Amino acid sequence: MTEKIVGVIGAGVMGSGVAQNLAQSDFKVVLVDVAESALERAKKEIYNNVRFQGFMKKDKSQLDNPDNIIDRILFTKDYEELKNSYYVVENVVEKWEAKSEVYPRIDEICPQDTVFAVDTSCYSITRVGALTKRPDKIIGIHFMNPVPMKPTVEVIKGWHTSEETIKITTELLAAMGKDWVIVNDSPGFVSNRVLMLTINEAVFLLQEQVATAKQVDDIFKKCFGHKMGPLETADLIGLDTILYSIEVLHESFNDSKYRPCALLKKMVDAGLLGRKSGKGFYSY
Ligand code: NAD
């Protein structure tokens, strides 16, 4: 049997997790990023994550060797390497200028039957599909962070997404060990229409000095029994991604309830992006 090759575009927080999860599920992976530094960081992170799983697991006979996992991934800046992928997961930054540049390009490079999955926080899958000549083969997969550890994803059907595309996608997800919930297309889908508003409102509370970040998060954890509070979640996702997502919702619905909090904007301008920059609402 020939090995299935999956293309992964964007080697940041999400792309590196998707690439790791796929490589650990016996796929060959082509991981493309425009930044050499992102590819190098992803390689180090994947190696360390697989090694760390080794420390955590009780059954050492089931362990993956980090070198073998890295060998299954081609780290490259060359989009042409995607030409043999039967499936592509796109995880570039949540900016329309970036996403809209990728799709016409991969539409030319990849075989006609290759499915493209959009890993986005908020963009409409139908809008992305319109960038290609294959809107029936475009689908949304909203992976959760950290990808290898989160068992369930939100799958989004665009206007033209075909049943065959859903079938190919759910087969891929099953092979990755994931479960899924399928919803119809709308900016932010189910998860982020609710979550982004919650996080933005939590930042307003902080800005108005109603409570500290720890107090806000404690209410959610200790009173509601959530595993994480909204501001810890924001640090995990990345404050830049939160800001871009809420801006997409604001623009898409033209509804002032999605206006981003000034403190959120200021923190992003100051480079306080959360875990990935070492400081956000908390220090790491
Ligand atoms: P990130 O900023 O960590 O990484 C984005 C990567 O995209 C960077 O490495 C950048 O160099 C690369 N990139 C930019 N333009 C590119 C191009 N044209 N071609 C190839 N690579 C390019 O962002 P992230 O957190 O990994 O988010 C990626 C996508 O996943 C976004 O759309 C985001 O909304 C979505 N998402 C994020 C989370 C999260 O928790 N961070 C969760 C679900 C979905």
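At 52% relative accessibility, phenylalanine 224 counts as exposed, because the cut-off for that class is over 50%. The structure is a predicted model, and phenylalanine 224 offers a convenient point of entry to its aromatic pairs.

**Aromatic rings and charges**

The structure contains 5 aromatic pairs. In one of them, phenylalanine 220 partners phenylalanine 224 in an edge-to-face arrangement, with 5.3 Å from centre to centre and 85° between the planes. A pair of aromatic rings is described by the distance of the centres and the angle of the planes.

Charged side chains also meet aromatic rings in this model. The ring of tyrosine 86 has the charged end of lysine 4 sitting over it, 4.8 Å from the ring centre. The ring of tyrosine 79 is likewise covered by a charged end, that of arginine 105, at 4.0 Å from the ring centre. Tyrosine 79 appears again in the next section, since it is listed among the closest residues to the ligand.

**The surroundings of the ligand**

The ligand is surrounded by 26 residues, and the closest are Asp33, Tyr79, Glu94, Lys99 and Ser121. By class, this shell comprises 12 nonpolar, 8 polar and 6 charged residues. Helix 1, which spans 13-23, and helix 4, which spans 96-109, each contribute at least two residues to the shell. Helix 4 gives the most, with 3 residues.

Polar contacts with the ligand include the following.

| Residue | Protein atom | Ligand atom | Distance |
|---|---|---|---|
| Tyrosine 79 | polar side-chain atom | nitrogen | 2.6 Å |
| Glutamate 94 | polar side-chain atom | oxygen | 2.5 Å |
| Aspartate 119 | backbone N or O atom | oxygen | 3.3 Å |

How much of the ligand does the protein bury? Taken alone, the ligand exposes 840 Å², and the protein buries 89% of that.

**A buried alanine in helix 1**

Helix 1, which supplies residues to the ligand shell, also contains alanine 23. Is alanine 23 buried or exposed? Its relative accessible area is 1%, so alanine 23 is buried, the cut-off being under 20%. Alanine 23 and arginine 72 are 49 residues apart in sequence, while their C-alpha atoms are 5.9 Å apart in space.

**Backbone features in the loops**

Most residues other than glycine have a negative phi, and most peptide bonds are trans. Several places in this model depart from that pattern.

Which residues does a cis peptide bond join? The bond lies between asparagine 145 and proline 146, and its omega is about 0°. Proline 146 belongs to the loop between strand 6 (138-142) and strand 7 (152-157).

Aspartate 26 is not a glycine, yet its phi is positive, at about 75°. This aspartate is placed in the loop between helix 1 and strand 2 (28-32). With a relative accessible area of 59%, aspartate 26 is exposed.

Phenylalanine 189, also not a glycine, has a positive phi of about 55°. The loop that holds phenylalanine 189 runs between strand 8 (179-184) and helix 7 (191-207). Its relative accessibility is 4%, so phenylalanine 189 counts as buried. The two positive-phi residues thus stand in opposite classes: aspartate 26 is exposed, whereas phenylalanine 189 is buried.

Conventions
Residues are numbered from 1 along each chain as its sequence is written. This is a predicted model: local features need pLDDT of at least 70, side-chain atom pairs count only at pLDDT 80 or more; totals for chains, interfaces and linings use all residues. Side-chain values use heavy atoms; hydrogens and water are left out. A residue is near a molecule or strand if one of its heavy atoms lies within 4 Å of it. A polar contact is a pair of N or O atoms within 3.5 Å; within protein, one must be able to donate a hydrogen and the other to accept it, and residues adjacent in sequence count only if both atoms are side-chain atoms. Accessible areas come from the Shrake-Rupley method with a 1.4 Å probe; for residues, only the protein chains shown count as cover. Helices (H or I, at least four residues) and strands (E, at least two) are DSSP runs, numbered from the N terminus. Ala, Val, Leu, Ile, Met, Phe, Trp, Tyr, Cys and Pro count as nonpolar, Asp, Glu, Lys and Arg as charged, and the others, Gly among them, as polar. Rings of Phe, Tyr and Trp (its six-membered ring) pair if their centres lie within 6.5 Å; planes under 30 degrees apart count as stacked, over 60 as edge-to-face and the rest as tilted. Buried means under 20% relative accessible area, exposed over 50%, partly exposed in between (1.4 Å probe, protein chains only). A charge sits over a ring if NZ of Lys or CZ of Arg is within 6 Å of the ring centre and within 35 degrees of the ring normal.
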